[in-house]
Amino acid sequence: MKLFSETLNTSTIKPTRVLDIPNTGNNYIPIDLSETNEKLKDVDVSSSESFNQYIESYLREHNADVAYGGYLENRNIYKRSQHFNQQDLDTERNIHLGTDLWCPSGTKVLACLDGEIHSFKNNKNHGDYGPTIILKHEVENGEFYTLYGHLSLESIASVTVGEKVKQGQSIGTLGVAQVNGDYPPHLHFQIIKDLQGLQGDYPGVCNIKDIDFYKTNCPDPNVLLKAILQ
């Protein structure tokens, strides 16, 4: 039986992108936001303004439009929010389960594949996704989902559950810090096999105890984005 990630890696899935910013060959640059990045120790990541200055400086330094990365990255940036339960080391959620793409607010977000609107929600906790859309897709007689977090409020103002979308169609725009969970503008993109009954939300960060489950249920988004990000 094929692994879920192997099913997504099939040649029947066309190359996909999730931002209305074409990759010209050098304008997408990887970024390290892990706890081992010494440069982050001088950045007040509890302040979206300070964090944003770091992201913008990084993009300017590399003459890039988008900074991306973060799958299974162990991060300290979540310690600023009670939402991630940093009081208990056994259950502290600090391992990132999606790919982040950091770029300006207002950037159009594109559906990675044909599908339909499964659900949407404004996740308002500090450090959470803010406005979020989840799409449902079908592949080889199975279903899976993609999550688009940190959107603008306008992105969820007129969407409808069950609405059909086509690959490359704009489904929203990136939000500003005031609505996106208090982060620099970026898209959190995540693949999910089983939503476990959730609507408009799914954990994007997990703890070390649960990592084996989430690695299987949420494979590397690069399975879909590799043609764009490499």
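These entries record what I looked up on aromatic pairs and on backbone angles in a predicted model.

**Entry 1: aromatic pairs**

I looked up the aromatic ring pairs and found a count of 5. I then examined Tyr202 and Tyr214, whose ring centres lie 6.1 Å apart. Their planes stand at 70 degrees, and planes over 60 degrees apart count as edge-to-face, so I entered this pair as edge-to-face.

Where in the chain do Tyr202 and Tyr214 lie? I located Tyr202 in the loop between strand 11 (186-192) and strand 12 (205-206), and Tyr214 in helix 3 (residues 211-217). The two are 12 residues apart, and the pair links distant parts of the chain.

I next asked whether each of the two is buried or exposed. Tyr202 has a relative accessible area of 1% and is therefore buried. Tyr214 has a relative accessibility of 12%, and I noted this residue as buried too, because the limit for buried is under 20%.

I also checked for a wider grouping: Phe213 joins Tyr202 and Tyr214 in one aromatic cluster.

**Entry 2: positive phi values**

I turned to residues other than glycine with a positive phi. His150 is one of them, with a phi of about 75 degrees. I placed His150 in the loop between strand 8 (142-149) and strand 9 (164-165). With a relative accessible area of 4%, His150 is buried, because this value falls under 20%.

Asp182, which is not a glycine either, has a positive phi near 75 degrees. I found Asp182 in the loop that runs between strand 10 (170-173) and strand 11.

Conventions
Residues are numbered from 1 along each chain as its sequence is written. This is a predicted model: local features need pLDDT of at least 70, side-chain atom pairs count only at pLDDT 80 or more; totals for chains, interfaces and linings use all residues. Side-chain values use heavy atoms; hydrogens and water are left out. Rings of Phe, Tyr and Trp (its six-membered ring) pair if their centres lie within 6.5 Å; planes under 30 degrees apart count as stacked, over 60 as edge-to-face and the rest as tilted. Helices (H or I, at least four residues) and strands (E, at least two) are DSSP runs, numbered from the N terminus. Buried means under 20% relative accessible area, exposed over 50%, partly exposed in between (1.4 Å probe, protein chains only).
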